[in-house]
Amino acid sequence: MERKKILWLCSWYPNRNDPFDGDFVQRHARAAALYNDIHVIALKPASVDEEVSNTSPGLTEQLFYFRKKGGLFKPLDLFHWFSSYKKIIRNYIATHGKPALVHVHVPWNAGLLALWVKRKYGIPFVVTEHWGIYNENVEGPYPNRPFIFRLLMRNIFRNATHLATVSAYIAEKINHYVKPIPFTLIPNVVDTDVFKYIESQSAVFTFLHVSNLDPVKNFSGILEAVALLEKAVSTPFQLVIAGNRDATYVELAEKMGLLNSIVFFRGEISYSAVAQEMQAADAFILNSISENAPCVIAEALCAGLPVVTTTVGGIAEMVHESNAIMVKGTGVNGLLAALKEMIKKNDLFDKRTIAASACSLYAYEVVGKSLNKLYHSVISDGSRRSSL
């Protein structure tokens, strides 16, 4: 199919202030760029106004940094952000012409710009939502948000042509809480050249956890379960943690007598180093109380790791008996039982098959084709309607 020109307006996108801000959005952009010409625009606050552009085959990323006005009147910053973003979009269209479609990633706040583009230029837009506020058990869930926020979000979704999400769970929540809208499931992307199965044999049975150790990850529950597991099994094992080295959890592990004997913190490491940790481990653990569709589970599966996980949110759509041991609820005893079972049954998991199955879902080419199909469907439907 013919390559289309698609303008991406992104609320979250990796930047110099936060290289992990929506890194999964960037991977979607790279997947989409395999089959279409993607132009990303993201605007981030900074101390000075500046533009940084990166260009690769099929993908242009324009990151604009704008100086915040400061003071206590925050609406001034929002107005400055909005007017600056409009100017950037006008310049883009004047230089490159009108895109066939606008793709919004995380509708708050970039969806407000898509509304303006639709009114001014008549360009339709689709939305991909990654934000977890539609989960009832997170801090500040959607139903508890201010009325004006919910009103604006409803307006964005009412004007969007289509919704794409990485889990059916979050799409169904949006349809329930915000606005009924047709949706397509397009999963997160995994670099399967990096996260791949490599046969290995660990000297000590190794559980791996990768996260920012945010409270929603319920890492303290993992430490409690591991402390109990040490007393319950004779098999030597260890827990390796990659990601934010939170001093609170380091101190807790030390108080439990686990630090650097059973529990080892690697700190923040590169993606390739995370992949190596996965390839060296025996099982992955995620004990979250709320999730959408975590990239780390997809990455672990592509590396052939069976998973011990709670089945909250969209996780239940990613795991099954052949690639995971699922924990009901978030109690320590349930997690402990699952960890014991994983040690006992780990050799029964076909890790090569786990990896092959996951790669067939999350590889760049697979996700890129799904995005391409969505774009051409939306654009073709719009053309048919305009000709009637």
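This tour goes through a few strands and then two helices of the structure above.

The model is predicted, so local features need pLDDT of at least 70 and side-chain atom pairs count only at pLDDT 80 or more, while totals for chains, interfaces and linings use all residues. Residues are numbered from 1 along each chain as its sequence is written, and side-chain values use heavy atoms, leaving out hydrogens and water.

Start by selecting residues 59–67, strand S4 (strands are DSSP runs of E with at least two residues, helices are runs of H or I with at least four, and both are numbered from the N terminus). Seven of the nine residues in S4 are buried, that is, under 20% relative accessible area with a 1.4 Å probe and protein chains only.

Next add strand S2, residues 37–46, which pairs with S4 in the parallel sense over nine bridges (strands pair if DSSP finds at least two bridges between them). Here leucine 43 stands opposite phenylalanine 64.

Now add strand S3, residues 50–56, which runs antiparallel to S4 and is joined to S4 by seven bridges; threonine 55 has threonine 60 as its bridge partner. S3 and S4 form a hairpin with two residues between them, and glycine 58 in the turn has a positive phi of about 80 degrees.

Finally, select helix H3 (residues 107–121) and helix H4 (residues 147–159), whose axes, which come within 9 Å, cross at roughly 50 degrees; the axes are lines fitted to C-alpha atoms over the stretch in contact, with angles running from 0 to 180 degrees between N-to-C directions. Among the residues that meet, within 4.5 Å between heavy atoms, are Trp108 and Leu112 in H3 and Phe149 and Ile156 in H4.

Key: Buried < 20%, exposed > 50% of the residue type's maximum accessible area, 1.4 Å probe, protein only.
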